[in-house]
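Q: I'm new to this structure and would like a close look at one small part of it. Could you pick a turn, walk me through it, and then show me what else is around in the model?

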Amino acid sequence: MTSAPSPNVPDSIPSHAAAPLIERARFAPGDIVRHRMFDFRGVVFDVDPVFSNSDEWYEAIPEAIRPAKEQPFYHLLAENDDSSYIAYVSQQNLIGDAEQGPVDHPQIEAMFDGLVQGRYRVRAIRH
């Protein structure tokens, strides 16, 4: 026996949602990470389950190293030898930071309550 399609559901709507290729984020807010290819590290302050930036930003990445969109992307308070900044990085390009020392970024204290055992404690938000 087959069921007839619902009259209120158009044929163009898929019966299931596509899931990201990577099931879950490897890192969480407070984790210190390092970029696999570029010399910078940072602390995660937010996670997008899939790419959520602009098409212009994505297209600016050279095609040879452009990451897939269907994976977690991380917002980082990042630092390198020259400066501190905000970075948006794909999961495939991050590894845990073995150094586990503090990250030098001016916004750390606004978002985190300190470094404990190699990871930052997320600051409680009070309303």
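A: Let's start with the hairpin of β6 and β7, keeping in mind that this is a predicted model. Two strands make up this hairpin, with 2 residues between them, and Q117 takes a positive phi near 50° there. Q117 does this although it is not a glycine. To find the spot, look for the loop between β6 (112–116) and β7 (119–122), where Q117 lies. Is Q117 buried or exposed? Its relative accessible area is 79%, and exposed means over 50%, so Q117 counts as exposed.

Now follow the two strands away from that loop. β6 and β7 run antiparallel and are joined by 3 bridges. One pairing you can pick out is F112 with V122, its bridge partner in β7. As background, strands of a sheet pair through backbone hydrogen bonds, and the pairing can be parallel or antiparallel.

Next, the open sheet. It has 5 strands in the order β4-β3-β2-β1-β5, with antiparallel pairing. At its edges sit β4 (84–90) and β5 (94–96), each of which pairs on one side only. If you look across this sheet, neighbouring strands are turned against each other by 45° on average, ignoring direction.

Zoom in on one edge of it: β4 pairs with β3 in the antiparallel sense over 7 bridges. Within this pairing, L76 stands opposite A87 in β4. When you trace a strand like this by eye, it helps to know that in a regular strand the side chains alternate between the two faces of the sheet.

Just ahead of β3 you can stop at another loop residue. E70 lies in the loop between α1 (55–59) and β3 (73–79). With a relative accessibility of 41%, E70 is partly exposed, because that value falls between the cut-offs of 20% and 50%. Along the chain, E70 and S90 are 20 residues apart, and their C-alpha atoms are separated by 9.4 Å.

One last stop is the loop between β1 (32–35) and β2 (41–48), which holds F38. F38 is partly exposed too, at a relative accessible area of 44%. Together with M37 and I65, F38 forms a nonpolar patch on the surface, and the three share about 270 Å² of accessible area.

So, back to where we began: if you want one residue to remember from the hairpin, take Q117, which is exposed and has a positive phi of about 50°.

Technical notes: Residues numbered from 1 in each chain as written. Predicted model: local features only at pLDDT ≥ 70, side-chain atom pairs only at ≥ 80, totals over all residues. Heavy atoms only, no water. Helix = DSSP H or I, 4+ residues; strand = E, 2+ residues; numbered from the N terminus. Buried < 20%, exposed > 50% of the residue type's maximum accessible area, 1.4 Å probe, protein only. Pairing = 2+ DSSP bridges. Axes fitted to C-alpha atoms, helices over the stretch in contact; angles between N-to-C directions. Patch = residues over 30% accessible without salt bridge, like charges linked within 9 Å, V, L, I, M, F, W, Y side chains within 5 Å. Areas by Shrake-Rupley, 256 points an atom, 1.4 Å probe, with all protein chains shown as cover. Salt bridge = Lys/Arg side-chain N within 4 Å of Asp/Glu carboxyl O.
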